[in-house]
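Here are a few exercises on ligand shells and backbone geometry, each with a worked solution. Try each task on your own before you read on.

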Amino acid sequence: MDILVGLQWGDEGKGKFIDHICSQYDVVARFNGGANAGHSIYYQQQKITLKLLPSGVFYPKTLNVIGTGVVVNPIQLQEELGLLMAIDPTLEVSKRLLLSAKAHLVLPTHKYFDIVFEENPAYRTIGTTKNGIAPAYANKILRQNLRLGDVYRPQFESEFRAMVERQYSELEAFSCVLPPYAVLVDEFLAAVEFLKTLSIVDTELYVNQALKEGKKVLAEGAQATMLDIDHGTYPYVTSSSTIAGGACTGLGVSPTKVGEIFGVTKAYTTRVGEGVFPTEIFGAEAEELRQKGGEFGSNTKRPRRVGWLDLPALKYAIMMNGVTQLILTKADILNERAEVLLCTHYEVDGAIHAYFSTNLKEEHINPQFKVMEGWDFDFQNVIAKEDLPPSFIAFLHFIEQEVEVPVTFLSTGPKREEIIELPVSILN
Ligand code: GDP
Ligand code: IMO
Ligand code: MG
């Protein structure tokens with residue numbers, strides 16, 4: 001099993017890369033998160049943003065798995081499948097989709113808890129996507145939640161109603177603005193009926209059997225390393241395990257079965273929501289990069305914060321994931337610049353730090369930059385390494401030497417075919 005993870009704070013271009021390589025895979029399996037993800041893919045000249053569905057849906061032969069580590073809102077799943085059906089019914093995504101019976105449900109009340117925690121001044125504001133992700137995982141850990149496989153049990157409806165009723169009163173106590181209880185419940189139960197028409201199975205058995213038969217499985221990570229619940233910039237993180245290790249727990253596959261670990265990074269950095277961002281830039285310079293890069297959330301449309309590439313954070317992420325191949329995206333957005341900056345290390349109270357650490361005090365981090373010559377060339381015409389100008393090759397080399405992992409794919413634009421495979425020897 002190969003794994004693909006984001007190495008920054010999300011939106012690195014994971015969806016685009018998976019769509020590009022998944023013709024080489026039999027199975028694409030999401031292992032974490034829920035509809036907080038927004039993975040953009042171009043299909044038939046149209047940009048489509050997948051939230052819950054794995055990014056293998058556009059290849060008619062690829063089987064897509066929503067694994068145990070994912071949290072699923074059936075209303076959102078039904079909507080997304082409906083959208084794909086409207087775009088191209090021949091894709092028949094529902095027939096190529098397996099859902100883990102052990103994946104947890106995002107209940108209709110979870111979204112409102114998310115909103116309460118975000119908006120009530122008594123709680124921390126994280127800047128979440130308000131999809132109810134944290135409340136769903138919280139109820140999972142509390143062992144007070146329902147799973148996809150539960151929908152077949154005769155007592156499902158009564159347990160669901162009791163749970164939602166209790167949470168509804170808790171939300172009312174927060175003076176939360178809510179739809180009527182009956183509407184909330186009926187809408188959800190209608191989507192549960194739809195859910196029952198899909199294949200809810202032991203995905204662990206399926207994925208392990210597929211591997212035994214020599215099939216190729218790609219584990220798709222949502223969010224990214226710096227948003228990991230354990231190793232990210234807590235509390236400004238998501239609520240799941242986003243790193244390569246999370247693929248093993250999220251899918252029930254042994255670490256001994258893991259092959260390549262693809263890590264995706266932009267040539268600069270972006271972040272949506274609150275939290276530390278050592279290389280952030282502001283003002284007109286930031287606005288220009290944001291506009292040029294189209295840096296507005298795929299999921300929530302919020303403007304993304306932008307900054308330079310942060311090598312200490314990238315090294316930290318590569319180390320924890322054991323990345324074997326680096327995918328560099330959006331270098332085309334830095335085109336036409338005389339100079340490009342990279343943060344090589346942090347200076348903190350007189351000491352040098354080569355790696356990001358969550359123990360570093362944000363306001364004490366003084367990022368140190370290397371200024372490199374910029375580039376200006378037509379990324380659309382790049383089909384081989386030889387087409388790249390020396391200043392850009394120097395940029396790639398510098399990153400590889402710093403992080404000690406080869407850049408094996410260079411994404412040159414948002415579309416499926418806008419990517420070139422680089423020879424591993426570039427490192428030497
Ligand atoms: P994901 O969450 O990691 O899948 O990334 P998103 O889809 O949220 O955000 C990445 C954005 O950049 C999307 O709008 C993609 O279409 C776009 N994109 C991906 N790779 C490239 C690239 O190499 N160049 C450019 N210009 N856009 C890209
Ligand atoms: P993809 O898969 C970027 C961020 C939110 C917020 C924090 C917690 O497209 O890269 P949550 O709703 O998960 O409780 O929000 O995490 N966040 C993302 N940022 N890309 C994502 O997914 C994200 N998913 C969550 O903005 O800061
Ligand atoms: Mg995204």
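A polar contact here is a pair of N or O atoms within 3.5 Å; within protein, one must be able to donate a hydrogen and the other to accept it, and residues adjacent in sequence count only if both atoms are side-chain atoms. This is a predicted model, in which local features need pLDDT of at least 70 and side-chain atom pairs count only at pLDDT 80 or more, while totals for chains, interfaces and linings use all residues. Residues are numbered from 1 along each chain as its sequence is written, chains are lettered from A and ligands numbered from 1 in the order in which they are written, and side-chain values use heavy atoms, with hydrogens and water left out.

**Exercise 1.** Find the polar contacts of ligand 1 with G13, G15 and S40, then work out where the ligand lies.

*Solution.*
- Step 1: Start with the backbone. G15 places an N or O atom 2.8 Å from an oxygen atom of ligand 1, and for a polar backbone atom of G13 the distance to a ligand oxygen is 2.9 Å.
- Step 2: Turn to side chains. S40 brings a polar side-chain atom to 2.7 Å from an oxygen atom of ligand 1.
- Step 3: Check the burial. Ligand 1 alone exposes 580 Å², of which the protein buries 95% (accessible areas by the Shrake-Rupley method with a 1.4 Å probe; for residues, only the protein chains shown count as cover).
- Step 4: List the shell, meaning residues with a heavy atom within 4 Å. It has 20 residues, and S40, K47, S298, D332 and S411 come nearest.
- Step 5: Ask which element gives the most. That is α1, with three residues (helices, H or I, have at least four residues and strands, E, at least two, as DSSP runs numbered from the N terminus).
- Step 6: Place the ligand. Domain 1 (2-102 + 200-257) and domain 3 (264-427) both contribute to the shell, so ligand 1 lies between them (bounds from an automatic or database domain assignment).

**Exercise 2.** Repeat the analysis for ligand 2, and sort both shells by class.

*Solution.*
- Step 1: Around ligand 2 there are 20 residues, with K14, H39, T129, Q223 and T238 the closest.
- Step 2: The side chain of N36 has an N or O atom 2.8 Å from a ligand 2 oxygen. Backbone atoms take part too: G38 at 2.9 Å and Q223 at 2.8 Å.
- Step 3: Taken alone, ligand 2 exposes 550 Å², and 98% of that is buried by the protein.
- Step 4: Sort by class (Ala, Val, Leu, Ile, Met, Phe, Trp, Tyr, Cys and Pro nonpolar; Asp, Glu, Lys and Arg charged; the others, Gly among them, polar). The shell of ligand 2 has seven nonpolar, ten polar and three charged residues; that of ligand 1 has two nonpolar, ten polar and eight charged.

**Exercise 3.** Locate the cis peptide bond that joins Y234 and P235.

*Solution.*
- Step 1: Omega of this bond is about 5°.
- Step 2: P235 belongs to the loop between β10 (217-220) and α8 (244-251).
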